[in-house]
Amino acid sequence: MQKTIALKIEYLGKSFHGWQFQQNARSVQAELEAAWSRLTGEKLRFKASSRTDAGVSARGLVCHCTSQSRIPISQIPYALNAQLPEHLVVLQAREMAPDFSARHQSIGKYYCYRILNRRMPSAFLRDTSYHCSWQLQPELWLNEAPILIGEHDFRAFMDQGSPSPSTIRRLDYLGLRKSGDCLELDVVGSGFLYHMVRILAGTALVMMAGKLSPEGLKEGFLSGDRTALGPTLPAAGLCLERVFFRDEIFGNDDQAAYLKCARGEFELSSERIF
């Protein structure tokens, strides 16, 4: 009997050239589909809630497939993980309604960009953070970031190469936390443009370094001038933390949870610095 199965997965971005299948590069989608084929004999397509770029990690990406496998849903994570390479793990599985779509039914996403702010780099965080050795002043960014909240034209925060027909997006939350030697930029929104979060992080970085004025941020944002804002920071520092849906799927991922994150109410142990 055919059924629709949703998976919640996590992976370390450095090991993959993004989510989407590519002919000559290793991708999360290809590895997941190959593992499923070895396990069940089925050749099928997994579709994801977000197509993360090369080098971007994920703690809570949701994807789905339609399968005739008789493996009990509760056993799918264990069975698949035995077939998957390191740095890619299935956390949970759930049977969904036949018309479920991880991509089209998601209502928002939560990303975090991690900046390691100390003199020396880290042997442990080099694959999941961006190292900045000079002193930063977070208040310079925090005082101006609120102008970006809401529904706006974010074309100044998009790199070339995006197929998106519209550059209008809704940003519901921008926050900054201090966690040890790291500054973590939390970004919550309904959807994002090509490299948008990495450009937000780069813009925050140059503002905290005193290299972009409040007037420069406003002018670049309102004019749509990409060159007026900060650089696109490397993919290694970015992680897709959570995907939200109208109804709960894997826990703490429904509309109520999204609204909490949009208010900055995260279940995190690190200290918020504003």
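**Exercise 1. Find the partners of K8.**
Which residue stands opposite K8 in β3, and which is its bridge partner in β4?

*Solution.*
Step 1. Look across to β3: K8 stands opposite V62.
Step 2. Turn to β4. There the bridge partner of K8 is Q92.
Step 3. Place the strands. β1 covers residues 3-11, β3 covers 57-67 and β4 covers 88-96. Strands are DSSP runs of E with at least two residues, and helices are runs of H or I with at least four residues, numbered from the N terminus.
Step 4. Check the pairing (two strands pair if DSSP finds at least two bridges between them). β1 and β3 are antiparallel, with 8 bridges. β1 and β4 are also antiparallel, over 8 bridges.
Step 5. Check the cover. In β1, 8 of the 9 residues are buried. Buried means under 20% relative accessible area, exposed over 50%, and partly exposed in between, with a 1.4 Å probe and protein chains only.

Before going on, note that this is a predicted model, where local features need pLDDT of at least 70, side-chain atom pairs count only at pLDDT 80 or more, and totals for chains, interfaces and linings use all residues. Residues are numbered from 1 along each chain as its sequence is written, and side-chain values use heavy atoms, with hydrogens and water left out.

**Exercise 2. Describe the pairing of β10.**
In which sense, parallel or antiparallel, does β10 pair with β3, and in which with β5?

*Solution.*
Step 1. Take β3. Its pairing with β10 is parallel, over 2 bridges. A58 stands opposite L240 of β10.
Step 2. Take β5. This strand runs antiparallel to β10, and 7 bridges join them. G108 has F244 as its bridge partner in β10.
Step 3. Check the cover. β10 is mostly covered, with 8 of its 8 residues buried.

**Exercise 3. Check helix α4.**
How many residues of α4 are buried?

*Solution.*
Step 1. Compare its span with the expected one (1.5 Å times one less than the number of residues). α4 has 13 residues and reaches 18 Å from its first C-alpha to its last, close to the 18 Å expected.
Step 2. Count the buried residues. They are 13 of the 13, so α4 is largely enclosed by the rest of the structure.
Step 3. Look past the end. G210 follows α4 and has a positive phi, near 80°.

**Exercise 4. Compare the spaces.**
What are the volumes of the largest pocket, the second largest pocket and the largest cavity?

*Solution.*
Step 1. Fix the terms. On a 1 Å grid over the protein atoms alone, a cavity is a set of points where a 1.4 Å probe fits but cannot get out; a pocket is an open set with protein on both sides within 12 Å along at least five of seven lines; lining residues have an atom within 4 Å of a point. Points are joined across faces, edges and corners, and a volume is the space filled by probe spheres set on them.
Step 2. Take the largest pocket. Its volume is about 1,000 Å³. It has 33 lining residues, and S50, R51, D53, F192 and Y194 lie nearest its centre. β5 (106-117) and α4 (196-208) are the elements that give two or more residues to this lining.
Step 3. Take the second largest pocket. It holds about 360 Å³ of space. Among its 21 lining residues, R59, R114, T128, C239 and E241 are closest to the centre. β1, β3, β4, β5 and β10 each supply at least two.
Step 4. Take the cavity. The search finds 1 cavity of 30 Å³ or more. The largest cavity has a volume of about 50 Å³. Its lining includes R242, K260 and F266. Helix α6 (residues 255-262) gives the most, with 3 residues.

**Exercise 5. Classify two ring pairs.**
Which type of aromatic pair do W36 and F46 form, and which do Y173 and F266 form?

*Solution.*
Step 1. Recall the rule. Rings of Phe, Tyr and Trp (its six-membered ring) pair if their centres lie within 6.5 Å; planes under 30 degrees apart count as stacked, over 60 as edge-to-face and the rest as tilted. The count is 10 aromatic pairs.
Step 2. Test W36 and F46. The centres are 5.8 Å apart and the planes at 80°, so the pair is edge-to-face. W36 lies in helix α1, F46 in the loop between α1 and β2.
Step 3. Test Y173 and F266. Centre to centre is 5.4 Å, with 55° between the planes, and the pair is tilted. Y173 sits in strand β8 and F266 in the loop between α6 and β11, so the pair ties together parts 93 residues apart in sequence.
Step 4. Extend the group. Y110, Y173 and F266 form one aromatic cluster.
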